[in-house]
Amino acid sequence: MNQIIAVTFDIADQQCKMYNALEWHNFIADTRENCEAEDADLTLEELFDSYYGDEFWFEVAPTSKAIYNVAFDLRSEEFVICDSDTEVEFVMEMVADSGDEDEIFWAN
């Protein structure tokens, strides 16, 4: 499996997605290509806000952390980065206990 370096969550399609280095590069390039010419020099945050709107989140993972799975928690508007199957199970149990299963979206 390729190392995951970035994740995104878009409220419009309620999808949390993981990207390896090549996929992330292509995602950014495609977004820049689809934007208007004056948007070409924006930072990633400005670019994504301009193209996808305020209900789009992204995070680039620290290079030292191996990512096993990722979810987006809509309650806190933050990514939950798990580095093991045990951690994924722990997060799933916490969400089930709180009754907020509809508020967390696991990456595909």
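1. Phenylalanine 79, leaving aside its neighbours within four places in sequence, is in contact (heavy atoms within 4.5 Å) with Val7, Thr8, Phe9, Cys16, Trp57, Phe58, Glu59, Val70, Ala71 and Phe72. The model is a predicted one, in which local features need pLDDT of at least 70 and side-chain atom pairs count only at pLDDT 80 or more, while totals for chains, interfaces and linings use all residues. Residues are numbered from 1 along each chain as its sequence is written, and side-chain values use heavy atoms, with hydrogens and water left out.

2. The largest nonpolar core (buried Ala, Val, Leu, Ile, Met, Phe, Trp, Tyr and Cys residues joined through side-chain atoms within 4.5 Å, buried being under 20% relative accessible area with a 1.4 Å probe, protein chains only) has 14 residues, and those with the most contacts inside it are Phe9, Cys16, Val70 and Phe79. At least two residues of this core come from each of β1 (4–10), β2 (15–20), β4 (69–73) and β5 (78–82), these strands being DSSP runs of E, at least two residues long, numbered from the N terminus. The most is given by β1, with 3 residues.

3. A second, separate core has 9 residues, including Tyr19, Trp24, Phe27 and Cys35.

4. Helix α1 (residues 21–34) packs against helix α2 (residues 44–52) at an angle of about 55°, their axes 10 Å apart, where axes are lines fitted to C-alpha atoms over the stretch in contact and angles run from 0 to 180 degrees between N-to-C directions. Helices here are DSSP runs of H or I with at least four residues.

5. From α1, Trp24, Phe27, Ile28, Thr31, Arg32 and Asn34 meet Leu44, Leu47, Phe48, Tyr51 and Tyr52 in α2.

Note on methods:
Buried < 20%, exposed > 50% of the residue type's maximum accessible area, 1.4 Å probe, protein only.
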